[in-house]
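Visitor: I'd like to learn how to read the inside of a protein model, feature by feature. Could you walk me through one?

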Amino acid sequence: MNNRTTQFIGQPVDRVDGRLKVTGQARYAAEFFYDRLAHGVALSSTVAAGRVRDVDTAAAEQAPGVLLVLSHKNVPRMPLPAPETPQNRFSRSVPLFQDTVIHHHGQLIGFVVAETIEQARHAARLIEVSYDAAEPKIGFDANVENAYAPKTVNAGYKTDTERGNLDEGLRAAAVTIDAVYNTPIEHHHPMETHSTIAAWDGDRVTVHHSLQMVVEAVPAIAATFDIPRENVRVLSPFVGGGFGCKILTRDNAMLPILAARLLKRPVKHVLTRQQMFMVVGLRQHNRQRMRIGADAAGRLTALGHDILTHTSMHEEFVEQSGVISRMMYEVPNSKVTHRVFRLNVQTPKWTRAPGEAPGSFALESAMDELAAKLKLDPMELRAMNDTGTDLDTGKPFASRSLIECMKIGADRFGWSRRSPTPRGRRQGHWLVGYGMSAASRGAPHRGASANLLLTRNGRDVRAVVEMCATDLGTGSYTVIAQTAAETLGLPLHKVEVRLGDSALPPTPGSGGSWGANSFCTAALAVCELAKQQLRDQASLRFIREPTAAELLQAAQLNGWRATHTATPAADMASYSHYAFGANFAEVWVDEDLGTVRVPRYLAVIAAGRILNPKTAASQVVGGIVWGIGNALMEESVLDARRGHFVTRTLADYHVPVNMDIGDVQVVFAPETDTKVNRLGAKGVGEIGITSVAAAIANAVYNATGRRVRDLPITPDKLLIET
Ligand code: MOS
């Protein structure tokens, strides 16, 4: 269907749920109302290691309105999780307070439920916790000697890879780079904090919870409460942002479910903004050594990328920061390694573009350093080392339009106006610089199921598409409606989309940039199936593609129902699937103050067919804004003695505000991909953040001649002589 002129797919359609959102009618997890709804507040550990000695709840229990105070002292026994396997990663039980061990500061150790949120908060303050505190392992440098090689890194990627011989490749090089890049701990901060309402009816439970992946929540809740999966219903119709921290169903959700069961009344729990720094995952500090060698012309001879990072004391999560270096360029000698050590810091978790976001900062900064040494245009260096084969897997890229992205971008951005040498342009006391970077992000596609309900009332034909997918604010409702309207030949407003309910057909949820393409392929397939079934019923011949309305009329039916599971194409695994992009940044650096401004930013993205350029561009802009945050502001600072985050509000943890964002442009490069899925669509959820920090750091170098390898690029790093 790639070449057909389309009515809806590919059009910049306004969000079909926009009206619900701006009128406040879109209901998020905390906005469902139940009789006798009680309110829970979670208690966090104030030490980072050791054990809880005692929890004195006497005063809290006497406080007005208090219904329940839960701690390790009175919690019922709960099933312990099975050993983790790739299959049960999301579906293991999440037992609460079953022991007294503290793994990190902020760990949830108690839960107070009261008639009102104010009463619960008040009572939580009356609880006295005593600890047998231990010396926490906090500092990166102090603990790095304990680094080990994990079995695999996130998403099952290999820990270490080598092709050719890195050392020989480096020796053969005319020019080499050997540099270390640091990216700090960062936190996701979706607008909506994690919210839950749990209501039991006998042995059945309904859970409203803000989630990216609803399907996986069901087995996790069933295992935690030892009930059959069919007794669990999870609802997440609207989600106020996810970015990776809403993939798992964690203790913050299990607590109100447990309390509601014990109290036999519904319980609500909403994490505070401060708690978002403590218990829902983070992007960890990555220290990355890059070694690159090239011949005198700029052809890469060697690329080494060694990552050091930390996980928690009790779980292992290792961001795959080296994967981008394995596939990005044509380089015969390559070695990529990941090492990890344990800290008394909460377990790092998926954070938008896990792997690529920090990995691309190291790789694309080092490429810029190499280009400077070779006196080559950095874009030319990348073009010269482009490859049609993913050298990590040996598979051809189904589509790869990096060079087109760079060409379009250079033209639109005015790249030719860049000064080839640093400090070549100024505007008063501002040093002006241009920087670019190349980007890639995996373009996975997954099987998904959908229901279609068609109803006819005379000439009025309507469709409902249902699936257990999520819309994190990204536009899932809209692109699914576009796909169904197009396929059925119905006006857009006659298609209703229902999502975020575990009772609906399963999908892989929103994550890993596979959401939109997987959901829409399922919508396409179920609409086609229904039309085929109606054709068989109607036994009429049509001279052109009939609409669903014509088919229902011809078959003299008032309704039709179809369910279908779309599976990825058999030859999908024969190719390597990535989206590519090119980033261009203009920065102005105040020579006296070291402040960096980004007045202009352009991203050119090739992601196959763009289902909706408006919602897709919004996603990419969001990624760019976060990338500007990574580059210039964001840093979660740990107190090295006590292990708490000293940046624990959005006043301390700086993110870009409107004033910090200049003219941001997103252009989609035309690209046809016939392999990734039937729609030819790749995801755009994560490519937008990839390599943004490098483009800005490279522009800062072009402006100032200063190479900053430790993010964020705060003014001190540009002013202090090194
Ligand atoms: Mo994404 S980090 O898989 O939400």
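## Cavities, a pocket, helix crossings and backbone oddities

Guide: Happy to, and keep in mind that this is a predicted model. Let's start with the enclosed spaces. In the largest cavity, helix α9 (residues 356-374) supplies the largest share of the lining, with three residues.

Visitor: How many cavities of 30 Å³ or more does the structure hold?

Guide: There are two of them. The largest has a volume of about 50 Å³, and the second largest has about 40 Å³.

Visitor: Which residues line the largest one?

Guide: Its walls are made by Thr183, Glu186, Arg283, Ala357, Pro358, Phe361, Asn630, Ala693 and Leu711. Sorted by class, that's five nonpolar, two polar and two charged residues.

Visitor: And how many of each class line the second largest cavity?

Guide: Four nonpolar and six polar residues, with no charged ones. The lining includes His104, His105 and His644, along with Asn344, Val345 and Gln346. Met278, Leu638, Gly643 and Phe645 are also in it.

Visitor: Which domains give that lining at least three residues each?

Guide: Domain 2 (32-134 + 188-279) and domain 3 (146-186 + 282-443 + 574-719).

Visitor: Let's turn to pockets. How much space lies in the second largest pocket?

Guide: About 640 Å³. It has 24 lining residues, and those closest to the pocket's centre are Val41, Ala42, Arg121, Thr272 and Gln275. The elements that contribute two or more residues are β1 (38-44), α3 (117-125), β6 (128-133) and β14 (267-270).

Visitor: Which element gives the largest share of that lining?

Guide: β1 does, with six residues. As for chemistry, the pocket lining divides into ten nonpolar, ten polar and four charged residues.

Visitor: Now helix packing. What should I look at when two helices pack together?

Guide: Packed helices are described by the angle between their axes and the distance between those axes. Take helix α15 (residues 613-632) and helix α16 (residues 692-704): their axes come within 8 Å and cross at roughly 50°.

Visitor: Why are α15 and α16 called oblique to each other?

Guide: Angles under 35 degrees count as roughly parallel and 65 to 115 as roughly perpendicular. The α15 and α16 axes cross at roughly 50°, so the two helices are oblique to each other. The crossing in which α15 passes α16 is right-handed.

Visitor: And how do α9 and α16 lie relative to each other?

Guide: Their axes also come within 8 Å, and they cross at roughly 30°. α9 and α16 are therefore roughly parallel to each other. The α9 and α16 crossing is right-handed.

Visitor: Let's try another pair. At what angle do the axes of α6 and α7 cross?

Guide: At roughly 45°, with the axes of helix α6 (residues 217-225) and α7 coming within 11 Å. α6 and α7 are therefore oblique to each other, and their crossing is right-handed.

Visitor: Last topic: the backbone. What do most residues and peptide bonds look like?

Guide: Most residues other than glycine have a negative phi, and most peptide bonds are trans. With that in mind, look at Phe243, whose phi is near 65°, a positive value in a residue other than glycine.

Visitor: Where is Phe243 found?

Guide: In the loop between β13 (232-235) and α7 (251-263).

Visitor: And is the peptide bond from Leu711 to Pro712 cis or trans?

Guide: That bond is cis, with omega near -5°. Pro712 lies in the loop between α16 and α17 (715-719). You've met Leu711 before, too: it's one of the residues lining the largest cavity.

Methods: Residues are numbered from 1 along each chain as its sequence is written. This is a predicted model: local features need pLDDT of at least 70, side-chain atom pairs count only at pLDDT 80 or more; totals for chains, interfaces and linings use all residues. Side-chain values use heavy atoms; hydrogens and water are left out. On a 1 Å grid over the protein atoms alone, a cavity is a set of points where a 1.4 Å probe fits but cannot get out, and a pocket is an open set with protein on both sides within 12 Å along at least five of seven lines; lining residues have an atom within 4 Å of a point. Grid points are joined across faces, edges and corners, and a volume is the space filled by probe spheres set on the points. Helices (H or I, at least four residues) and strands (E, at least two) are DSSP runs, numbered from the N terminus. Ala, Val, Leu, Ile, Met, Phe, Trp, Tyr, Cys and Pro count as nonpolar, Asp, Glu, Lys and Arg as charged, and the others, Gly among them, as polar. Domain bounds come from an automatic or database domain assignment. Axes are lines fitted to C-alpha atoms, for helices over the stretch in contact, and angles run from 0 to 180 degrees between N-to-C directions. Angles under 35 degrees count as roughly parallel, over 145 as roughly antiparallel, 65 to 115 as roughly perpendicular and the rest as oblique. A crossing is left-handed if the near helix is turned anticlockwise from the far one by less than a right angle, and right-handed if clockwise.
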